[in-house]
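User: I should like to work through the structure below by question and answer. Please begin with any term that the later answers will need.

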Amino acid sequence: MADETRRAILSAGVATAFSAFTARVPRAWVFSAPREGDMAEATRTVELPGFVDLQVNGFAGVDFGDRALTSEGVLHAVAAIERTGVTRFLPTLITSSLEAFSVCAKTIVRVANPAIAGIHMEGPYISPEDGFRGAHPRSFVRAAEVDDFRRRQDAARGRIRLVTVAPEAPGALRLIEHLVTSGVRVAIGHTAATGVQITEAVKAGATLSTHLGNGCASVLPRHPNPIWEQMGEDRLLASFIVDGHHLPPATLKSMVRAKTLARSILVTDAMAAAGMPPGRYTLGGQEVELSAAGRVAAPGASNLAGSALRLDVAIGNTARFCGLSLEEVAPMASTRPAEYLGIPTAGRVLASWDPSRFALRVLRVSGS
Ligand SMILES: [Zn+2]
């Protein structure tokens, strides 16, 4: 048999098997296969609900975790974030001392701007191990204690709305129960937890995986490992950083398929370098560098330390990497995270969408 004939028979077989499969599965599981003619589709204007970002460490030169943070700095960042279509977001503070956290949280909550939907506290109750800990300073990683959280929540005047915790941190389960009872959402992240520990955290009330696939050692047992355990846990939604550096396209595509569109959320994990040229910036007061390729890491280190991503760009990247339409991806950055937090989306984003380049360009943000 000629090679061409063999290839034709094989591809016909695969196509038949695929249509038989897609006929049986729920619509939410089926992704739009790239259609012929997609490349020729013209740029169009779209109107979308305002975007919601659950994880923003800083923006436009401003580091929310810098104790020298000012109200003017917060407002400068808010204005720049809004220009990317984000009308609600959670300023995020990574692992730090109670004192440093309190200084920054007080400054953030003093700014009465509706775009600030609360604070995401990422750490300090996370894995102390290299790799899993990511860019979080080891010296401030600590056991999970309700009293320590209460002090931080008091400093934030009750505005901490999401906490990322490692289930294996001593005291984590008791803290998760306390958080959930007091209306705070709980995410799993920066964790080396076993499957049993993840299940226990979910039973205690954890509902999200923070930046699934990152905050992990670079070498893991093939299975089981914390990524598979969270991917297979249907009670957990997952957030993803789609800047092209945190997750390779095939990894993102596989993870989004595993979680389904209904349980997938896009976050930027943006830090001060977002919206800025390459150079040196800070993340939680530590020096990091944005490379010309758009990668953020401590100088000379391999671990990523936040991103310089914008949520409008993340939407385009996700459509490109997963073979999804704009209509399928946009809710992952607006209604889904809003529903997760229990808030409505705010305002409308008028944008142009070029499907041939997967480019979403925000033209106007209104009514936020
Ligand atoms: Zn992180």
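Analyst: The model is predicted. A helix is a DSSP run of H or I with at least four residues, and helices are numbered from the N terminus.

User: Which helix gives the largest share of the lining of the largest cavity?

Analyst: The largest cavity has a volume of about 70 Å³. Of its 14 lining residues, those closest to the centre are T191, T210, N214, G215 and Q230. Three residues of the lining, the largest share, come from helix α7 (residues 226-231).

User: How many charged residues are in the lining of the largest cavity?

Analyst: Nine residues of this lining are polar and five are nonpolar. The number of charged residues is none.

User: How many charged residues are in the lining of the second largest cavity?

Analyst: The second largest cavity has a volume of about 40 Å³. Its lining includes V56, F59, I81 and L309, as well as D53 and R310. Asp and Arg count as charged, and the lining divides into seven nonpolar residues, two polar residues and, as the charged class, two.

User: Which residues are closest to the centre of the largest pocket?

Analyst: The largest pocket has a volume of about 500 Å³. The residues of its lining divide into 15 polar, eleven nonpolar and three charged. Of the 29 lining residues, the closest to the centre are N214, G215, C216, N303 and L304.

User: Which residues coordinate the zinc ion?

Analyst: The donor residues follow the sequence spacing E-x67-H-x20-H. Coordination is through one OE atom and two NE2 atoms, at 2.0 to 2.1 Å. The OE atom belongs to E122, and the NE2 atoms belong to H190 and H211.

User: How many residues apart are E122 and H190?

Analyst: Among the residues that coordinate the zinc ion are E122 and H190. E122 lies in strand β6 (residues 119-122), whereas H190 lies in the loop between β8 (185-188) and α6 (195-204). The pair links distant parts of the chain, and the separation in residues is 68.

User: Is E122 buried or exposed?

Analyst: A residue counts as buried when its relative accessible area is under 20%. E122 has a relative accessibility of 2%, and H190 has a relative accessible area of 5%. H190 is therefore buried, and E122 likewise counts as buried.

User: Which helix gives the most to the largest nonpolar core?

Analyst: The largest nonpolar core has 100 residues, and those that touch the most other members include F64, F89, F149 and F240. A separate, second core of ten residues includes M271, Y281, L290 and V296. With six residues, the helix that gives the most to the largest core is α9 (residues 311-322).

User: Which strands are the edge strands of the open sheet β12-β13-β14?

Analyst: The three strands of this sheet are paired antiparallel, in the order β12-β13-β14. An edge strand pairs on one side only, and the edge strands here are β12 and β14.

User: What is the bridge partner of G279 in β13?

Analyst: Strands β12 (residues 279-283) and β13 (residues 286-290) run antiparallel and are joined by five bridges. They form a hairpin with two residues between them, and G284 in the turn has a positive phi of about 55°. Across from G279, the bridge partner in β13 is L290.

Conventions: Residues numbered from 1 in each chain as written. Predicted model: local features only at pLDDT ≥ 70, side-chain atom pairs only at ≥ 80, totals over all residues. Heavy atoms only, no water. Pairing = 2+ DSSP bridges. Donors = N, O, S within 2.8 Å, 3.2 Å for Na, K, Ca; no water. Buried < 20%, exposed > 50% of the residue type's maximum accessible area, 1.4 Å probe, protein only. Core = buried A, V, L, I, M, F, W, Y, C linked by side-chain atoms within 4.5 Å. 1 Å grid on protein atoms, 1.4 Å probe; cavity = no way out; pocket = protein on both sides within 12 Å on 5 of 7 lines; lining within 4 Å. Points joined across faces, edges and corners; volume = space filled by probe spheres on them.
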